[in-house]
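Thanks for coming. I have one structure to go through, and I will keep to what can be computed from it.

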Amino acid sequence: MTHELPNALNLRTDKAHSARMYDFYLGGKGNYEADREAAARVAASYPGIFVCARENRAFMHRATRVLARDHGIRQWLDIGTGIPTKPNLHEVAQSVAPDARIVYVDNDPIVLVHAQTLLNSSAEGRTDYIRADVNEPDTILRSPELSETLDLTRPVVLSLNALMHFVTDAQDAHGIVRRLMDALPSGSALALSHCTPDFDPETWQKVTDIYNQAGTPVQFRDKAAVTDFFAGLDLIEPGIVVGHRWRPATEDGGADREDGPAPSDADVSLWAGVGIKP
């Protein structure tokens with residue numbers, strides 16, 4: 001599959017973008033001055049943002065392994081992919097199931113520049129990339145890259161990691177998730193993480209203001225609103241919990257974080273869960 005690279009005028013490196021700010025939080029190099037300035041303002045109000053980003057990434061790794069290993073799922077639709085950061089989702093999935101297939105989706109043209117890293121699949125599996133916006137779910141579902149890579153008659157994981165807080169209620173965030181899950185068959189899964197103001201509302205209002213001022217609308221939600229994304233699904237244990245509390249130990253007894261004390265719930269401020277479609 002050949003992907004057309006965007007021209008420089010479309011990259012808008014002068015404007016902060018959530019995917020590149022997240023890359024900065026993770027210590028990546030795929031960000032620009034506008035991203036770093038906005039991210040620094042967030043970090044000044046909420047120093048835990050770096051912990052939040054790392055724990056979000058660790059949740060994605062664990063959820064992917066559990067769904068591949070314990071539930072036998074071999075297909076992922078990962079929306080809001082962001083700048084590639086090793087190990088990427090397909091590398092985690094294919095370490096368990098080499099035949100796993102993954103379609104990545106992001107709306108930032110900078111991510112497309114790095115997409116070759118995302119397309120480095122195992123020989124047995126396959127990956128592809130769609131440049132699209134989660135606010136247009138039908139565009140994603142009708143994409144030829146999706147139908148050529150995933151078999152929608154078999155279970156698919158809809159992976160929405162730290163994405164839906166960038167979709168407001170006015171944009172029908174819950175309706176978008178329902179539309180995507182409705183297109184997937186029984187046995188499919190929703191793996192979702194979502195930042196929350198529950199542990200420190202004042203700080204998260206400051207973070208909201210910074211993102212809005214940077215031109216990125218956000219709506220950080222409480223636990224009840226995050227749980228609503230899983231309506232009609234069967235939550236697997238331990239349900240909706242703070243990200244670092246979702247099955248923190250790996251199968252071999254290790255952990256996804258460096259040795260040291262676990263972070264506080266307030267530092268992580270991220271609800272996470274996995275639900276299976278009956």
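**Overall build**

Buried residues make up 55% of the 278 residues in the protein chain, where buried means under 20% relative accessible area, exposed means over 50%, and partly exposed is in between, with a 1.4 Å probe and protein chains only. Before going on, this is a predicted model, in which local features need pLDDT of at least 70, side-chain atom pairs count only at pLDDT 80 or more, and totals for chains, interfaces and linings use all residues. Residues are numbered from 1 along each chain as its sequence is written, and side-chain values use heavy atoms, with hydrogens and water left out.

The chain has 13 helices and 8 strands. These are DSSP runs numbered from the N terminus, helices being H or I with at least four residues and strands being E with at least two.

What radius of gyration does the protein chain have? It has 17 Å, which agrees with the value near 19 Å for a compact globule with 278 residues. The radius is taken over C-alpha atoms, and the globule rule is 2.2 Å times the number of residues to the power 0.38. Along the principal axes, the C-alpha atoms fill a box of roughly 45 × 45 × 40 Å.

On contacts, meaning heavy atoms within 4.5 Å, I look at those with a separation of 6 or more. Of these, 76% are between residues 24 or more positions apart.

The accessible surface is about 12,000 Å², and 49% of that belongs to carbon and sulfur atoms. The areas come from the Shrake-Rupley method with a 1.4 Å probe, and for residues only the protein chains shown count as cover.

As for charge, there are 27 positive and 39 negative side chains, and the centres of the two sets lie 1 Å apart. Lys and Arg count as positive, Asp and Glu as negative, and His and the chain ends are not counted. Each charge is placed at NZ of Lys, CZ of Arg, CG of Asp or CD of Glu.

**The cores**

In soluble globular proteins, nonpolar side chains tend to be buried together. A nonpolar core here is a set of buried Ala, Val, Leu, Ile, Met, Phe, Trp, Tyr and Cys residues joined through side-chain atoms within 4.5 Å.

Which members of the largest nonpolar core touch the most other members? They are Leu77, Ile79, Met164 and Leu190, out of 56 residues. Helix H10, residues 173-182, gives the largest share of this core, 5 residues. Leaving out residues up to four places away in sequence, Leu190 touches ten others, among them Leu158, Val177, Met181, Phe229 and Phe230. There is also a second, separate core of 32 residues, and its members include Met60, Tyr104, Leu112 and Val274. Val274 is also one of the residues that Leu190 touches.

**Individual residues**

Ala19 lies in helix H2, residues 18-25. Is Ala19 buried or exposed? Ala19 has a relative accessible area of 8%, so it is buried. Its contacts beyond four places in sequence are Gly82, Ile83, Asp106, Asp108 and Val111. Pro84 is 65 residues from Ala19 in sequence, yet the C-alpha to C-alpha distance is 10.0 Å.

His114 sits in the loop between helix H6 (109-113) and helix H7 (115-118). At 30% relative accessibility, His114 is partly exposed. Apart from its neighbours within four places in sequence, His114 contacts Gly30, Ile83 and Pro84.

Lys206, in helix H11 (residues 201-213), is partly exposed at 42% relative accessibility. Its C-alpha atom is 10.0 Å from that of Ala44, with the two positions 162 residues apart along the chain.

**Backbone points to check by eye**

Most residues other than glycine have a negative phi, and most peptide bonds are trans.

The bond from Lys86 to Pro87 is cis, with omega near -5 degrees. Pro87 is in the loop between strand E1 (75-79) and helix H5 (89-96). Glu237 and Pro238 are also joined by a cis peptide bond, with omega about 10 degrees. Pro238 is in the loop between strand E6 (234-235) and strand E7 (241-242).

Asp172 has a positive phi, near 65 degrees, and is located in the loop between strand E4 (157-161) and H10. Arg247 has a positive phi near 45 degrees, and its loop runs between E7 and helix H13 (265-268). Both are partly exposed, Asp172 at 42% and Arg247 at 29%.
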